[in-house]
Structures are given as structure tokens and as C-alpha cells.
Amino acid sequence: MVVFSALLVGIPFLSPVASSETVFTGIDGDGYAASWTAAVDGPQPYREVAPDLAVPITMDDGTVLKADIIHPAQGGRIADGKRPVILQMQGYGKLPMLVGQAVLSAADGLGIKQPLENWVGSLNLPGVGLDGLFDITRQADAGAIEAAVQDWKLANAGYTLVQVDLRGTGTSGGDWQVFGDREKQDIAEVIDWITRQPWSDGTVGTMGISFTAISALEATDRMPPGLKAVFAYEGSGDIFNDIAGTGGGIGAGFLVPWLIGVNALKMIPDITSILVGKFDPAQQLQWLKDRIADPLTMLDVVINGYTAMNPDQLTARTRQLVDPNSPFRKGLKADVTHIQVPTFMVGAWFDIFGTTPTATFNAIPLPEEQKKLVMGDGYHVGTGVAGFGHPGMPPRLDVLQRAWFDHWLRGIDNGIEKYTPLTVKQQGGGWTDAPRFPRAEAVYRRMYLDDIPSGTSPTSRYDGGLSEDSRQAGVRDLTVAPGLASLCSRDAARITAGITSIIQACTGDSRIWESDGLSFTSGPVAAPVTVSGPLDVHLEVVEDAADGYWVATVNDVAPDGDSREIATGQLVASLRQIDEDNSVKSANGDYTQPQYFLDLAKREQTVPGVPVTLDIALTPIDAVLQPGHRLRVDVYASNFPKGLPPMIVLADSGLKPEHLRLDPDAPSWVNVPLTASIPS
């Protein structure tokens with residue numbers, strides 16, 4: 001279930017990384033990596049673990065959360081002494097995680113885990129049409145599983161491991177808060193409880209993947225004194241803008257299955273407490289009452305959003321989602337200024353939360369020694385970390401995680417603070433250690449859309465040009481209509497957490513989706529050109545109805561015609577109002593990261609036939625156009641299942657065709673950060 005989660009974005013990220021005099025390592029960790037790996041793969045001080053399951057932790061409002069605690073053990077008993085603690089706040093239920101941890105530990109004990117991971121990681125059968133599947137399996141030996149599930153080898157190393165079900169999920173009582181303020185308070189109280197236990201030395205690290213990674217970042221909100229380090233794998237910082245309502249389009253392809261999954265798992269009773277003799281009838285009765293009171297958390301909001309034909313039909317709960325000043329909406333965004341402890345993040349450009357990590361990294365107010373980011377070219381099911389741990393590549397993720405906790409929780413001088421702050425997989429290129437993001441050598445410049453055929457996209461609804469010079473000679477409207485070709489796209493793979501990425505004809509090539517879109521393509525580059533940073537697509541559009549929905553992507557087009565999407569964005573026309581105070585512009589005065597109010601109260605319907613201007617924020621990228629490759633902007637009128645606007649928008653749009661107006665006096669362009677000019 002770790003592939004089902006949701007979460008964060010919207011932090012300005014053009015501020016430079018904090019300066020430092022430290023000489024950082026390359027992506028492979030230089031001379032330090034061998035000792036980091038040996039610490040994980042070598043002999044451990046404890047060979048056994050002692051579980052203490054179904055432990056109740058009472059919050060200040062009386063709600064009982066349940067925890068599973070895994071202690072290091074010797075001779076069948078908990079090891080003496082106080083130890084640092086690694087906490088994972090679980091949203092899918094600690095029972096499935098406990099089973100998974102036990103299976104992983106048993107496989108390791110039998111000596112088959114590493115050989116099996118190595119074998120799966122070596123699978124690669126090019127030419128059989130399953131390249132996307134093998135892109136996922138090749139990550140098996142990269143330490144990603146161990147870094148995600150709170151591997152019991154951390155207990156063998158001398159850490160006490162704590163898994164706690166979040167309020168309203170798993171076996172914990174209360175109502176699920178969906179990243180609300182009370183949830184953040186609970187995490188702080190759990191950390192305080194841990195520091196007061198006889199087996200704790202008072203230092204706590206949080207970790208997790210996806211849902212639990214978000215919780216790991218949430219732990220910083222109250223700045224509990226016991227929290228000393230964070231390792232967040234595929235977390236996020238602004239859930240609403242990242243997935244729940246990106247540009248006004250709801251991420252239905254992920255959000256709905258995720259909500260159903262969490263709500264289903266929270267109905268599993270506390271079987272563990274029965275097995276270990278800790279069943280409390282009163283607590284279990286309260287758990288049942290809590291579940292009956294709200295069995296389908298947030299699903300009522302989704303249903304209301306897709307059935308209400310006008311604002312008057314929205315319920316009070318749904319109105320909280322469309323009001324940026326509501327406590328619920330504010331709770332979906334992390335305050336990264338509260339991150340005051342060393343934080344290591346792992347993400348990917350096409351993860352469902354891929355918009356967030358670079359922004360969060362730049363905004364964390366810590367020196368480079370105390371914050372790190374690994375950014376792969378993958379999805380939520382595997383961030384594209386295949387090869388980690390192999391010569392010349394970054395260390396395995398479990399190795400980096402262990403070194404991070406060893407240094408910041410135990411004070412071991414292992415050099416992890418000198419690891420390169422930014423480890424980035426460039427789309428179209430290799431793994432690099434970026435000195436900052438965006439790269440300083442990339443300069444923002446406009447590239448204009450025009451109706452001059454490029455001759456490179458014959459299957460698109462229109463094959464236009466893309467140039468640094470405005471070449472449009474006269475006014476022309478190009479029509480695009482909603483369609484379902486987006487089901488076969490990299491955006492579809494993104495919103496399905498990477499599951500559909502195995503279909504290479506869709507994720508590796510946009511030409512099927514482009515049959516529903518307008519394409520504008522540059523000339524080929526003669527030498528490598530880097531694209532680094534967030535992008536903005538500026539469009540002049542005309543609607544035939546009172547609203548519309550626009551999608552723009554930027555693609556890397558290979559000489560053989562393959563068109564690989566490298567950035568994406570979407571915007572509801574009536575929600576085009578820009579929050580100037582929180583938006584970012586480049587030196588040329590154009591937006592690089594427009595921020596929208598996404599406020600129903602500010603919604604401004606379009607007038608049929610009257611042009612309006614849209615600035616569509618695209619996801620950040622770090623990519624390389626290789627010699628012979630071209631840059632392309634695609635424009636669409638739909639993006640299901642990644643984005644599906646609520647019924648109020650769909651009803652006003654009538655799903656009618658839309659028109660991109662190419663006007664020399666009001667041109668359309670993409671503001672793109674390039675290291676060199678691209679030919680027309």
C-alpha cells in the first residue's frame with residue numbers, strides 16, 4: 001500500500017542553496033561510502049529483536065494511539081541501556097507493516113534476501129516490450145525497500161524502532177485528520193512520550209515513505225525538542241497544490257483510490273492486541289464508535305465535488321477544500337521554516353509529489369551539511385534509483401539512511417554531512433551532483449509558439465513551431481478539444497504512482513497523447529543543452545463557454561520522433577488569478593512559478609469569444625537535450641486521470657472545444673531556463 005499516498009507543493013524555489021565552506025563529496029560518496037556500507041552489511045551489535053506490540057499512547061485529549069515497538073535484544077531479552085529511537089507514523093496500519101518487516105527479516109536471516117534482491121535487480125530483457133517493468137525491478141537491490149519499511153536491521157544496529165498508527169487509522173482511535181493540525185500535535189506528543197521512556201536516550205529520528213514520509217516531515221511542525229533528524233522518502237510539502245487540486249484539477253486517478261484504501265485499512269480491528277494479550281474492550285469499543293462515526297473520511301467531499309452543479313450545492317466540508325483560508329486547507333501545507341533538524345529527502349521528477357522536493361530543499365533554513373536531496377527520474381513506485389550501490393553510483397538508500405541516523409542521532413563522525421547536498425538524475429542525461437537548483441548557468445528566456453509547421457509532429461492536431469523569435473505573422477485560432485488519449489501518457493503514469501509506466505509506448509513517447517493536442521517544436525540542438533528549473537507556459541486562449549481547462553507539457557523530442565514528456569502543468573481558466581506575493585519571476589520579468597489562489601470565491605468565469613491570458617505553472621525539471629534533439633510544447637484540453645476538474649467547472653465548460661489564439665500582438669510562449677539558445 002505504500003504506493004497510495006497524497007501530498008505537498010508551492011514553495012518558492014529560486015532562492016540559492018545556503019553557502020558553505022565544506023568540500024562535499026561526489027554522488028558516490030568518495031572515500032566515505034565504503035564505511036557507510038560496511039556499517040549496514042557488516043556484523044551488528046545485536047542479533048535479535050524483542051517486540052512490544054499494541055502499546056497504547058494516550059494523547060492530551062484522551063484519544064488512544066497504538067504503537068508497535070521493536071527493541072534490540074540479546075539472549076531473548078531487551079538489551080540493557082538507553083538508545084536512540086527511529087519513529088514511523090503509519091497511515092496504512094502498522095499490522096501490514098509489521099508483517100512486511102517480519103518477512104524481510106526472515107528472508108535476511110535465511111540468507112536469501114540479498115541474493116534475491118540482486119537477482120531481481122539484474123533482470124533486464126530489452127526488446128520484449130517490458131522495459132518499463134524492468135525499470136522498476138532494477139531498483140530491487142538499491143536499498144529502497146529497506147529504507148522505506150523501517151528495516152529491523154536498524155534494531156540490530158542498536159536503535160529502538162517505533163511504529164504508531166495515526167489518529168483515525170489502523171488500530172488508533174479518533175477521526176482521521178488527513179494531515180490536519182491535530183495530527184501534527186499528535187506526532188509531537190508521541191515524540192515527547194518516547195523521550196520519557198526508560199529505553200530512550202531522548203533522541204528521535206523520523207522516517208518513512210510516501211504517506212509516512214509526509215508524517216516524518218510533519219513531525220517538524222511543532223519543533224519537539226526530542227526530534228533530531230528526518231529521512232523522508234517520497235514525501236511532500238503542499239498536498240493541495242501537488243495533487244489534490246493542482247491548477248484546479250483534482251488528481252482523481254490517485255486521490256480516490258488512496259482514500260478508499262486508507263478508509264478500508266482503518267477498519268481492520270486490533271488483531272495484534274488479541275494475539276499478545278493486550279486487548280482492551282473499552283478502548284476497542286471506542287475505536288469502533290470512532291470508525292462508525294466517520295467510515296469514509298473525505299470521500300463525501302470528493303462525491304460532493306463531482307456532483308454539485310453550482311457553489312450553493314457544496315457542503316460545509318467541501319467548502320473547506322475550496323477556501324485557502326480554511327484550517328483544513330492550511331493544514332495540507334507544511335511550514336518548512338519549522339524544519340530545524342537535519343533532513344534527508346528522496347524524490348523523483350515524475351513522482352506524484354515530484355513538484356515539491358526541490359522547492360522544499362531550497363526553502364529549508366539549514367546549511368547544506370544538514371539537508372540533502374536525491375532526485376531520480378522515476379515515479380512513486382520506484383524513484384528511478386536503479387544501480388545505487390554499484391561502482392560510480394550513489395550509495396544504496398538504506399546505506400544513506402543509516403549513515404544519516406548514525407551521525408545525527410548517535411554523533412558518529414562518519415562524514416555523511418559532507419555528502420553532496422543535491423544528487424540529481426538529469427532527464428536525458430546521467431546522475432550528477434548539482435551545486436544548486438536551478439543550475440546557475442541556466443538562463444530564462446522566452447520561446448514563442450507559432451503556426452509555422454515544424455514537420456516533426458504529423459499526428460498532432462496541429463504541428464507548429466517553437467522559436468526564440470516571435471515569428472507569428474497574423475492572428476490565428478487553433479482548436480483543441482477534450483479527449484481520452486491522455487490515458488496513454490506519462491501524466492497517467494505519474495498519477496497512478498508509476499503503475500502504468502510499464503507501457504513504454506505511453507510513458508516513453510507522447511505521440512499517442514499528442515493526437516489530442518497541439519504541438520509546437522523547435523529545431524534540433526547541435527550540442528547538449530541543459531534545461532534546469534520550473535517553467536511557465538503563457539497562453540492566450542478563447543473559450544466557447546463560461547470556463548475551460550488547459551494542460552501544457554514540455555517534451556524532449558529525439559531524432560527518431562519519440563517525444564518524451566519532461567514537465568507538465570494544468571490550469572482551470574476561471575481560477576487563473578495569480579497570488580503575486582507568493583509567485584516567482586525570472587530576470588526577464590516573466591513568471592517561472594506562478595502561484596494561484598485556487599479560491600472559489602475569486603473564481604472568474606470566461607466570456608465566450610473573449611480572449612483571456614493564462615500562465616500555467618509546470619513542474620520543475622533538470623534535463624539535457626542531447627545533440628539532434630528538439631524541445632516541444634504540447635497543449636491539451638484535458639488530462640484524465642491526472643486532472644479532473646470538479647463538476648462546477650465541467651458544467652460551465654460544457655466540455656466544448658477550446659481555442660489557442662496565436663496573435664503577434666499578444667503572443668504565447670514558454671519561459672524556459674536554458675544553458676544555450678535552441679534553434680528555430
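How many Å separate the centres of domain 1 and domain 2, taken over C-alpha atoms? The answer is 35 Å, and I should say at once that this is a predicted model, in which local features need pLDDT of at least 70 and side-chain atom pairs count only at pLDDT 80 or more, while totals for chains, interfaces and linings use all residues. Residues are numbered from 1 along each chain as its sequence is written, and side-chain values use heavy atoms, with hydrogens and water left out.

The assignment gives domain 1 as 47-112 + 132-297 + 334-434 and domain 2 as 443-674, these bounds coming from an automatic or database domain assignment. To the contact, meaning heavy atoms within 4.5 Å, domain 1 brings 34 residues and domain 2 brings 38 residues.

Turning to area, about 2800 Å² is buried between domain 1 and domain 2, with carbon and sulfur atoms giving 55%; buried area here is the accessible area (1.4 Å probe) that two parts lose on being put together, summed over both. On the side of domain 1, the residues that lose the most area to domain 2 are F350, Y379 and Q427, which together make up 25% of what that side buries.

As for charges, two salt bridges are counted between the domains, a salt bridge being a side-chain nitrogen of Lys or Arg within 4 Å of a carboxyl oxygen of Asp or Glu. The side chains of D377 and R490 form a salt bridge, with 2.9 Å from N to O.
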